[in-house]
Amino acid sequence: MIYAVLETGGKQYRVAPGETVEVDRLEAEAGKPVTFDRVLFVANEGKVSVGAPTVARASITADVVEHFRGEKKIAFKMKRRKGYHRTVGHRQELTRIKISGIKA
């Protein structure tokens, strides 16, 4: 079993070949391959490589499945007895990727 931890969009994801992951929006077309070089950790059949901060010569290849928007998050602000209330909604732009390979 091989898996890795990659960093993209300021977040870290544990991935393995064949998995589908939702990450922050990438500048790649749907159906095109994308390569991630910021690999922080690789575990390959018991052998562990920990980066400082990244693992040298390690990369993760993935295919972009689709671009979509996440669920709506609601932020509600209110100050009691003042008549102040604001509702703000946000939908995050996301990209669904399928991991095709981990090279370490």
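Glu93 has a relative accessible area of 31% and is therefore partly exposed (between the limits for buried, under 20%, and exposed, over 50%, with a 1.4 Å probe and protein chains only as cover). The exercises below concern a predicted model, in which local features need pLDDT of at least 70 and side-chain atom pairs count only at pLDDT 80 or more, while totals for chains, interfaces and linings use all residues. Residues are numbered from 1 along each chain as its sequence is written, and side-chain values use heavy atoms, with hydrogens and water left out.

**Exercise 1. Salt bridges of Glu93**

Task: Determine which residues form salt bridges with Glu93, and locate the partners along the chain.

Solution.
1. The criterion is a side-chain nitrogen of Lys or Arg within 4 Å of a carboxyl oxygen of Asp or Glu.
2. Arg25 satisfies the criterion, with an N to O distance of 2.7 Å to Glu93. Because Glu93 lies in strand β8 and Arg25 in the loop between β3 and β4, the pair ties together parts that are 68 residues apart in sequence. Strands, like helices, are DSSP runs numbered from the N terminus (E, at least two residues; for helices H or I, at least four).
3. Arg69 also forms a salt bridge with Glu93, the closest N and O atoms being 3.2 Å apart. This pair links strand β8, which holds Glu93, to strand β7, which holds Arg69, across 24 residues.
4. Both arginines are partly exposed: Arg25 has a relative accessible area of 40%, and Arg69 one of 42%.
5. Elsewhere, salt bridges that share partners join Glu22, Glu66 and Arg96 into one network.

**Exercise 2. A link between β1 and a loop**

Task: State how many salt bridges the chain contains, and describe the one between Arg38 and Glu7.

Solution.
1. The count by this rule is seven.
2. In the Arg38–Glu7 pair, the N to O distance is 2.9 Å. Arg38 is in the loop between β4 and β5 and Glu7 is in strand β1, so the salt bridge ties together parts 31 residues apart in sequence.
3. Arg38, at 39% relative accessibility, is partly exposed, as is Glu7 with 24%.

**Exercise 3. Fold and overall dimensions**

Task: Describe the secondary structure and compare the radius of gyration of the chain with that of a compact globule.

Solution.
1. There are zero helices and eight strands, in the order β-β-β-β-β-β-β-β along the sequence.
2. For 104 residues, a compact globule would have a radius of gyration near 13 Å, whereas the chain has 18 Å. The value is taken over C-alpha atoms, and the globule rule is 2.2 Å times the number of residues to the power 0.38.
3. Along the principal axes, the C-alpha atoms fill a box of roughly 60 × 30 × 20 Å.
4. Among contacts (heavy atoms within 4.5 Å) with a separation of 6 or more, 62% join residues 24 or more positions apart.

**Exercise 4. The nonpolar core**

Task: Identify the residues of the largest nonpolar core that touch the most other members, and name the strands that supply it.

Solution.
1. A nonpolar core is a set of buried Ala, Val, Leu, Ile, Met, Phe, Trp, Tyr and Cys residues joined through side-chain atoms within 4.5 Å. In soluble globular proteins, nonpolar side chains tend to be buried together.
2. The largest core has 20 residues, of which Val15, Val21, Phe36, Ile60, Ile97 and Ile99 touch the most other members. Strands β1 (2-8), β2 (11-15), β3 (20-24), β4 (33-36), β5 (39-44), β7 and β8 (84-103) each supply at least two residues of this core.
3. Beyond its neighbours within four places in sequence, Ile99 is in contact with residues including Val15, Val21 and Ile60.
4. Across the chain, buried residues make up 32% of the 104 residues.

**Exercise 5. Two residues of strand β7**

Task: Decide whether Ser59 and Ile74 are buried or exposed, and describe the surroundings of each.

Solution.
1. Ser59 is in strand β7 and, with a relative accessible area of 13%, is buried. Apart from neighbours within four places in sequence, its contacts include Phe36, Val39 and Ile102.
2. Ile74 also lies in strand β7 (residues 59-79), but its relative accessible area of 58% makes it exposed.
3. Ile74, Phe76 and Met78 make a nonpolar surface patch of about 360 Å². Patches are made of residues with over 30% relative accessible area and no salt bridge; like charges are joined within 9 Å, and nonpolar side chains (Val, Leu, Ile, Met, Phe, Trp, Tyr) within 5 Å.
4. Ile74 is one of the contacts of Val88, together with Lys73 and Ala75, once neighbours within four places in sequence are left aside. Val88 is in strand β8.

Definitions and conventions. Areas by Shrake-Rupley, 256 points an atom, 1.4 Å probe, with all protein chains shown as cover.
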